[in-house]
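User: I should like a close look at a single part of this model, covering its packing and the charged pairs connected with it. Please set it in the context of the surrounding structure.

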Amino acid sequence: MPVSQLGYLGLGVSDVDAWEEFATNVLGMEAIEHAEDGTVYLRMDEHHHRVALAPSGADDMLYVGWQTPNREQYEEVKVKLLAAGVEYSQATPEELANRHVSDMVKFEVSGLNMEVYVGPHVLFERPFSPGRPITGFKTGELGLGHVGLAPERAEDFERVVQILTECLGFKPSDAGADGVERFFHCNPREHTAVVSNRPSAKHIGHFMIELNSIDDVGRAYDIADEQGVWITQRLGRHTNDHMISFYMETPSGFGVEYGWGGRTVDDANWQVTKHDRFSMWGHRRPEKPETEEEREAVRKFLASPNAPPTPASR
Ligand SMILES: [Fe+2]
């Protein structure tokens, strides 16, 4: 495997405090370090971090980090990038320190800043301590989760796919029937990268993190609901990776999918498929209350006997 997992995400956010609160108290990540340059590192497992929040007005993905398992594979990816005409640059010592990796190269394709690295900093001596009680994130060889990449220009769609497959070693998992969204894997996680050619204001549509227990997901749903986090898609199960999940709006406007129970794939027998619908059931999109009257109506409903019961404790 040239690239073996989605290692980290760098997010440029305008409200770092709101993000840290959301990441720890809703998602259950650990804020492990507040660096001098303003970066807030969020942890999900033994890795130093999986998400880095950088103070920036972008409210977008700044970079995506693809992990290679060893230097041999890392060097092979570099050779393949050059062969495909991708001009990468070597990370500076400051960037290596910021990313907490041994070595890294970076390149840009259609506004997507991709980083390929080897040697993440791991801290087995400091057990992961979640921001709220959860059983934990399903990472390990499956990596951080998955990420929805939105190229800046629709005409670059095939180029992004080419770089993922020919240079980074991703394999096709499946596609929507219209081919607008294509899904790729680089380890047993059914998909680690989704490439979309739908027009988007941001370079990231959403990222997905998987929990070890369905109860972690259910509790997050309650917490998000109570704290007024915008649930953009209610609970549902995806047709391709069989993930039971729901989607929330992050403080940066793009989405986060919070899931459990995703199936894994084995390249020895995986058959590429296409599908008309993204979900077997659920994942409905509630209307967002835009006006004060709509918000008032929601408040009235929640206070009425018809409202769903508020969990007494968690
Ligand atoms: Fe997803």
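Analyst: Residues are called buried under 20% relative accessible area, exposed over 50%, and partly exposed in between (1.4 Å probe, protein chains only). This is a predicted model, in which local features need pLDDT of at least 70 and side-chain atom pairs count only at pLDDT 80 or more, while totals for chains, interfaces and linings use all residues. Residues are numbered from 1 along each chain as its sequence is written, and side-chain values use heavy atoms, without hydrogens and water.

The part chosen is helix H4, which spans residues 157–167 (helices, H or I with at least four residues, and strands, E with at least two, are DSSP runs numbered from the N terminus). H4 lies across strand E5 (60–68), strand E7 (101–109) and strand E8 (112–120). Its buried residues are Phe157, Val160, Val161, Ile163, Leu164 and Cys167. The cover over these buried residues includes E5, E7 and E8, together with helix H2 (71–83), strand E11 (181–185) and strand E12 (193–196) (contact: heavy atoms within 4.5 Å). Just after H4, Gly169 adopts a positive phi of about 90 degrees.

The strands that H4 crosses, E5, E7 and E8, are members of an open sheet of eight strands with mixed pairing, in the order E2-E3-E4-E1-E5-E8-E7-E6 (two strands pair if DSSP finds at least two bridges between them). Strands E2 (30–34) and E6 (89–90) stand at the edges with a single partner strand each, so one side of each has no neighbour in the sheet. Elsewhere in this order, E3 (residues 40–43) and E4 (residues 51–55) run antiparallel and are joined by three bridges. Within that pairing, Val40 stands opposite Leu53 of E4.

The charged pairs add a second view of H4. A salt bridge is a side-chain nitrogen of Lys or Arg within 4 Å of a carboxyl oxygen of Asp or Glu, and by this rule the model has 15 salt bridges. In one of them, the side chains of Arg182 and Glu158 meet at 3.2 Å, N to O. Arg182 belongs to E11 and Glu158 to H4, so this pair ties together parts that are 24 residues apart in sequence. Both partners are partly exposed: Glu158 has a relative accessible area of 48%, and Arg182 has 25%. E11 therefore appears in two roles here, since it carries Arg182 of this pair and is also among the elements that cover the buried residues of H4.

Another salt bridge joins Arg153 to Glu152, with the closest N and O atoms 3.4 Å apart. Arg153 is partly exposed at 36% relative accessible area, and Glu152 is likewise partly exposed at 47%.

Beyond H4, Arg198 and Asp178 form a salt bridge at 4.0 Å, N to O. This pair links distant parts of the chain, 20 residues apart: Arg198 is in the loop between E12 and strand E13 (204–210), and Asp178 is in the loop between strand E10 (171–176) and E11. Arg198 is partly exposed, with a relative accessible area of 39%, whereas Asp178 counts as exposed at 53%. Finally, Arg71, Glu75, Lys78 and Asp103 are joined into one network by salt bridges that share partners.

Conventions: Axes are lines fitted to C-alpha atoms, for helices over the stretch in contact, and angles run from 0 to 180 degrees between N-to-C directions.
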